[in-house]
Protein chains: 2
Amino acid sequence: MSLIERLFGKRQKSAAIARERLQIILAHERDGRTTAPDYLPALQRELMEVISKYVAVHQEDIKVHLERQDNFEVLEVNIVLPENKR
Amino acid sequence: MSLIERLFGKRQKSAAIARERLQIILAHERDGRTTAPDYLPALQRELMEVISKYVAVHQEDIKVHLERQDNFEVLEVNIVLPENKR
């Protein structure tokens, strides 16, 4: 199964989607021995600054979701992009 | 199914993993109408600069994979992190 299918499942086939979206996923797999500080939140803030140089991003259009399980930590940022003026 | 399970599947349960890893996924879902320039490659370069401020990253430990399907474009960057000196 491709990464696109794993991430978006069946949604791909829909003819037209309402809004353009950008999803950023930061997945950190620890080796269980290191006690390095957790840098995902700081990294996420900086990544958002970089992204806002490429697309106009409104705070209310950003959803952040953090998941932790065993040695895994996944930070998911979903951004609905503003509609292009036609 | 959680995002961690979708991304890592059964691999989670293995007791010890050899190396610490960081995965960055940039998924861009277009609305099919816009012809905005493709900014994922440039965005990916800048994100790597940000990441290298947080972790020492060696070029040979970075794998980049780009997938395109319908309105979807997914850029996956997998980084094997250097082992911590104990």
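Trainee: How many helices and how many strands does chain A have?
Mentor: In this predicted model, the elements of chain A run α-β-α-β-β from the N terminus on. Counting them by type, chain A has two helices and three strands.

Trainee: What share of the residues in chain A is buried?
Mentor: Chain A holds 86 residues. Among its contacts with a separation of 6 or more, 59% join residues 24 or more positions apart. Buried residues make up 45% of the chain.

Trainee: In what order do the six strands of the open sheet stand?
Mentor: Within chain A, β1(A) and β3(A) pair in the antiparallel sense over nine bridges. Eight bridges join β2(A), residues 62-69, to β3(A), and these two strands also run antiparallel. The six strands form an open sheet with antiparallel pairing, in the order β2(A)-β3(A)-β1(A)-β1(B)-β3(B)-β2(B).

Trainee: Which strands stand at the edges of this sheet, and why is one side of each left without a neighbour?
Mentor: Neighbouring strands of the sheet are turned by 10° against each other on average, direction ignored. A strand at the edge has a single partner strand, so one side of it is left without a neighbour in the sheet. The strands in that position are β2 of chain A and β2 (62-69) of chain B.

Trainee: Which residue of β3(A) is the bridge partner of Arg68(A)?
Mentor: β3(A) pairs with β1(A) and is also joined to β2(A). From β1(A), His28(A) has its bridge partner in β3(A) at Glu73(A). For Arg68(A), the bridge partner in β3(A) is likewise Glu73(A).

Trainee: Which residue in the turn of the hairpin formed by β2(A) and β3(A) has a positive phi?
Mentor: Two residues lie between β2(A) and β3(A) in this hairpin, and Gln69(A) stands opposite Phe72(A) in β3(A). Most residues other than glycine have a negative phi. A positive phi of about 50° is nevertheless found in the turn, in a residue that is not a glycine: Asp70(A).

Trainee: Is Asp70(A) buried or exposed?
Mentor: Asp70(A) has its place in the loop between β2 and β3 of chain A. Its relative accessible area is 52%, and the cut-off for exposed is over 50%. Asp70(A) is therefore exposed.

Trainee: What is the phi of Asp70(B)?
Mentor: Asp70(B) lies in the loop between β2 and β3 of chain B and is exposed, with a relative accessible area of 52%. Its phi is positive, in a residue other than glycine, and is near 50°.

Trainee: What distance separates the C-alpha atoms of Gly32(B) and Asp70(B)?
Mentor: Gly32(B) lies in the loop between β1 and α2 of chain B and is exposed, with a relative accessible area of 55%. Gly32(B) and Asp70(B) are 38 residues apart along the chain. Their C-alpha atoms are separated by 8.8 Å.

Trainee: How many residues does the largest nonpolar core have?
Mentor: Those with the most contacts inside this core are Leu22(A), Leu43(A), Ile79(A), Leu22(B), Leu43(B) and Ile79(B). At least two core residues come from each of β1 (21-29), α2 (40-54) and β3 (72-80) of chain A, and from each of the elements β1, α2 and β3 of chain B. The core has 32 residues.

Trainee: How many residues of β3(A) are buried?
Mentor: β3(A) supplies at least two residues of the largest core. One core residue is Ile79(A); leaving aside neighbours within four places in sequence, its contacts include Leu22(A), Ile24(A), Met48(A) and Ile51(A). β3(A) is mostly covered, and of its nine residues the number buried is seven.

Trainee: Which way do α2(A) and α2(B) run relative to each other, roughly parallel or roughly antiparallel?
Mentor: Residues of α2(A), including Leu43(A), Leu47(A) and Tyr54(A), meet residues of α2(B), including Leu43(B), Leu47(B) and Tyr54(B). The two axes come within 10 Å and cross at roughly 155°, and the crossing is right-handed. Angles over 145 degrees count as roughly antiparallel. The two helices, α2(A) and α2(B), are therefore roughly antiparallel.

Notes
Residues numbered from 1 in each chain as written. Chains lettered and ligands numbered in written order. Predicted model: local features only at pLDDT ≥ 70, side-chain atom pairs only at ≥ 80, totals over all residues. Heavy atoms only, no water. Core = buried A, V, L, I, M, F, W, Y, C linked by side-chain atoms within 4.5 Å. Buried < 20%, exposed > 50% of the residue type's maximum accessible area, 1.4 Å probe, protein only. Helix = DSSP H or I, 4+ residues; strand = E, 2+ residues; numbered from the N terminus. Contact = heavy atoms within 4.5 Å. Pairing = 2+ DSSP bridges. Axes fitted to C-alpha atoms, helices over the stretch in contact; angles between N-to-C directions. Parallel < 35°, antiparallel > 145°, perpendicular 65-115°, else oblique. Left-handed = near helix turned anticlockwise from the far one by under 90°.
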